[in-house]
Each structure stands twice: as structure tokens, then as C-alpha cells.
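Q: I would like a close look at one part of this protein, its largest nonpolar core. Could you walk me through it once the model is up?

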Amino acid sequence: MALDPKRLVLCWPNYIDQATVSGGDFKPSLPLDNVQDRRFAVVAKTNGLEREATQMLVQLDRRRPVAVVALPAHNLSSTAKYRVRLYRTAEATDELWDSGERDVWPIVYGLNDVIWGNPNFWNRRMDESTRETYTPLLTVFPPDAVVAQAVRIELYDPRNVTGAITLGRVFISDAWQPEYNMSYGVQYGHNTGTQVTEAKDKARTEYFDDYTPKRTVSFQLEHLDELEAFLSVYRLQRTEDIRGEILFLQSTTSSPVNFSRTMLARQTSLDPLANPYLDTHSHTFNLQEIL
């Protein structure tokens, strides 16, 4: 079933850690295997920008439902393109879906939203200053989830000024939407790690140890039926705990606002699953961005 762009999407679990990755041409010191390290700072880096170098084949441990392929913490430029293909077999012989060649950074502004003279006036894509304030995140959703065992990812970025493509992680998973969307009252914020030290002078001069703030989101699902509550939410708590990666999207529609609130996150707490009314369950999610 196709995802409803008007409802939130939660994606889990990430299959990459049990997968086998191969292909492309990556530096021995920064190999392709690094995409299986959840630390974004541990990157895989290609040897150049030739198409043969900037691709990979991900073979899953078994056939699994694939509803999203995401690449967080990449360095793909504003003119970069991608192609994702899903296969029934690990040998990538039975193709199930082909995205075709698409822009990594889609058009997100209307003609009236950009000003003459801005760097993004002609392409109407996310401007560089806005992109730099967030972790780059490419999300690819097939029209329908398919049961696949291999994923081929091809990246085309010949104008990348660094001369290579770097990837901090690969995220491949199923996706879930509740029948009823999250309730009004969703809260977006930041968890700052910046520390302040005061000097012992008369002005009590402040010094800061700067860290990147982590985005946070808290929301409630107040109209879950019993199957959603226990086969989705309760299972998510048990399998992912506070460590597991969860891709959060309030909407799959491409826009600057949705880009700013889409994140790869983890649960910061496991709130109880409540049963406040007959045949109705509710749950509060508290998520924090993974950097």
C-alpha cells in the first residue's frame, strides 16, 4: 500500500547491519563496510566520481519488506542524481522496482518563493546555507513496499567539488503509518550539548564548548487499535529499545519544512502503552536525532 503523505511515517528496523555490501571503488582506508557503522563520522569514501566507483550492492540476510532506502550524512552536491533498484534475489537477477535516475535534491520551492539573485533561483532546490544546518539525508520510497533481498544504489555526482562521494550510513527498512495520524500538540525542539563555563572575573565572562544541537520530536498517537498497539508500537519498543535507529517523517512530501523535520533518530524513553478507552490505545513517542 502506498504511503499517505498526510500521515507520519516511522521506519524500522535497519537491515544494513545484517547485510553484505559490495561493489564500487572505495578507498582502503575508508571502505564501503563503513556504511554499516552507525557513527556518521565513520564514512565510506569513493575513489573518484566515475559511475563504476559510486555504486553499491546491498544483499540482505533474507528476503525482507523494503519500503525505504535512505542515505544519511552524505556529501552529494546540488546537481547529484541517484538510482535505486530492488531485487527479489540476493544475486540481483529478478528486478522488482527501479526508481530511474532522479535528483538527490528535488525542487522544493515555487517560483514565488525564491528571489532573483539567489543561488537557487533557477533550480529552486534547497539552498546551500539551509542544507548545511542539517545532516544531509536522502530518502527513497518505492510506490509500494516490496519483499526484496538485494538493493542496488547508484550515485552520479560528476560536479562534486571534493572529487569523491562520502557516505556516513545506509538505512534500509520497512515503514509503518498509523491509521489515525498523530494528535495536535507535536513538539519539535533541540537537545543542546553546548557547555558554558564562567571565568572567575568580575564580568563572569562566559566561554562555550560548542556542540551540534540534536533535533527532538515528541508526539502522541491517541487512536491506536489493539493490533497497531501491540504488533507495531509495542514490538517497536521491544526490538529497538532506546538504541535502535528509527527514520521519522511527518510527511513524505518534498518541501523545506519537511526536510527540516525529517530525521534518523532513536527513542529517548520507552513510555508505557496506555489503554484509556474501550478498544483504543495511546502512546507517546520521544525521539532524538542521531548525528
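Before that, what radius of gyration does the chain have, and what would a compact globule with 291 residues have?

A: Happy to. This is a predicted model, in which local features need pLDDT of at least 70 and side-chain atom pairs count only at pLDDT 80 or more, while totals for chains, interfaces and linings use all residues. Residues are numbered from 1 along each chain as its sequence is written, and side-chain values use heavy atoms, without hydrogens and water.

The chain has a radius of gyration of 21 Å, which agrees with the value near 19 Å for a compact globule of 291 residues (taken over C-alpha atoms; the rule is 2.2 Å times the number of residues to the power 0.38). Three helices and 20 strands make up its secondary structure (DSSP runs of H or I, at least four residues, and of E, at least two, numbered from the N terminus).

Now to the core (buried Ala, Val, Leu, Ile, Met, Phe, Trp, Tyr and Cys residues joined through side-chain atoms within 4.5 Å; buried means under 20% relative accessible area with a 1.4 Å probe, protein chains only). The largest one holds 35 residues, and V58, V69, V84, L86 and I153 touch the most other members. Elements giving two or more residues to this core include strand 4 (55-66), strand 5 (68-72) and strand 6 (81-87), while strand 10 supplies the largest share, five residues.

V69 is a good place to zoom in: leaving out residues up to four places away in sequence, V69 touches V84, L86, L138, T139, V140, V151, I153, F171 and I172 (heavy atoms within 4.5 Å). Apart from this core lies another, of 18 residues, among them L10, A229, V233 and I246.

Conventions:
Buried means under 20% relative accessible area, exposed over 50%, partly exposed in between (1.4 Å probe, protein chains only).
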